[in-house]
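Me: Please take a close look at one part of this structure for me. I would like to hear what lies around it and how it connects to the rest.

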Amino acid sequence: MSVNLCTDQIAMALAAPGQLVSVSHLAREPQSSAMVAEAQRFPVNHGRAEEVYLLAPDLVLAGGYGGASVALLHRLGVPVVEVPPPNSLEDARAAIAQVGAALGREAEAAAMLADFDARLAALSIPTGGDRPLAATWGPNGYSSGGATLAGDVLRAAGFALLADRLGMQGSGYITLEALVMADPALIVTGTPYPGASRAEEIVTHPALSSLSGRIVHVPDPLWTCPTPRLLDALALLAAEARIAAARPAP
């Protein structure tokens with residue numbers, strides 16, 4: 001069984017029929033998961049050590065930050081494979097291979113990776129010249145730094161990162177003033193949550209309308225986890241990089 005959103009999705013794609021008995025409840029959440037329809041076929045869990053132990057799985061797939069529940073499962077002798085959260089496209093490939101090996105589905109993982117590599121090679125990604133500047137922008141000014149999966153995808157698409165210019169490696173916060181002064185060619189926003197919150201108001205701040213670049217929405221499920229859906233996000237962003245490269249500098 002899987003107790004992590006990202007291992008949920010890799011396992012659903014790779015597991016043999018009947019091999020996967022439960023996925024985390026997040027696998028059915030449209031704002032988090034890229035495989036909501038597939039997740040309907042599996043019972044869900046909430047990652048609690050008690051419910052996992054009572055199901056007596058042969059193997060538990062967990063993320064790299066399993067916390068107290070995963071620590072307790074280890075103490076109880078439950079076999080757990082922890083898959084580190086990816087910070088790059090290469091980490092994503094490693095995660096697919098790791099889950100494939102854990103499930104005894106190495107051939108299926110190899111086929112997925114071969115298709116991943118072929119699709120990546122087929123993308124038309126701008127090369128040479130000055131790279132247009134991009135930034136992710138979320139609630140409270142939350143932004144993905146250079147040493148993150150989103151940052152690596154943006155670089156692979158042909159962008160330079162505002163986060164790199166500001167010396168931000170991991171995810172953190174960029175002030176509205178810093179974003180406006182940088183005037184990036186692309187601002188990438190995520191999935192808004194239902195209702196309203198003060199934290200999200202900054203994402204649609206009126207000051208953004210005065211900037212010269214484009215604002216593009218990339219659904220969070222496309223590039224949160226190490227799945228082939230990363231390439232959908234990369235293709236979208238590579239198209240934006242071509243648009244930005246062809247536009248005169250402000």
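Reply: In α12, the buried residues are L230, L231, A233, L234, L237, A238, E240, A241 and A244. Buried here means under 20% relative accessible area, exposed means over 50%, and partly exposed is anything in between (1.4 Å probe, protein chains only). This is a predicted model, where local features need pLDDT of at least 70 and side-chain atom pairs count only at pLDDT 80 or more, while totals for chains, interfaces and linings use all residues. Residues are numbered from 1 along each chain as its sequence is written, and side-chain values use heavy atoms, with hydrogens and water left out.

Helix α12 covers residues 230–246, which makes 17 residues. Helices (H or I, at least four residues) and strands (E, at least two) are DSSP runs, numbered from the N terminus. From its first C-alpha to its last, α12 reaches 25 Å, close to the 24 Å expected at 1.5 Å a residue; that expected span is 1.5 Å times one less than the number of residues. The cover over its buried residues includes the helices α5 (89–102), α6 (106–122), α7 (149–157) and α11 (220–223), together with the strands β9 (186–189) and β10 (214–217).

One residue of α12 that deserves your attention is D232. Its side chain meets that of R119 in a salt bridge, 2.9 Å from N to O. D232 belongs to α12 and R119 to α6, so this pair ties together parts that are 113 residues apart in sequence. A salt bridge, for our purposes, is a side-chain nitrogen of Lys or Arg within 4 Å of a carboxyl oxygen of Asp or Glu. D232 also forms a salt bridge with R229, at 2.5 Å from N to O. As for accessibility, D232 is partly exposed at 28%, R119 is partly exposed at 31%, and R229 is partly exposed too, at 34%.

Helix α5, one of the elements covering α12, has a salt bridge of its own. There R93 pairs with E90, and the closest N and O atoms are 3.5 Å apart. These two are 3 residues apart in α5, which puts about one helical turn between them. R93 has 21% relative accessibility and therefore counts as partly exposed. The pair also belongs to a network of salt bridges that links E90, R93 and D117. Over the whole structure, the search finds 7 salt bridges.

Now to the loop between α11 and α12. C225 sits in this loop, and a disulfide joins C225 to C6, with the sulfur atoms 2.0 Å apart. C6 is in helix α1 (residues 5–14), and the link connects distant parts of the chain, 219 residues apart. The cut-off for a disulfide is a pair of cysteine sulfur atoms within 2.5 Å, and the structure holds 1 of them. The torsion about the S-S bond of C6 and C225 is about -80 degrees, so the disulfide is left-handed. Both C6 and C225 are buried.

T227 is found in this loop as well. With 5% relative accessibility, T227 counts as buried. Leaving out residues up to four places away in sequence, T227 touches Q9 and F116, where contact means heavy atoms within 4.5 Å.

Here is some backbone geometry to go with that picture. D183 has a phi near 45 degrees, a positive value in a residue other than glycine. Its place is in the loop between α9 (176–182) and β9, and β9 is among the elements that cover α12. D183 is partly exposed, with a relative accessible area of 23%. A56 also has a positive phi, about 50 degrees, although A56 is not a glycine. A56 is found in the loop between α3 and β3, and at 57% relative accessible area A56 is exposed.
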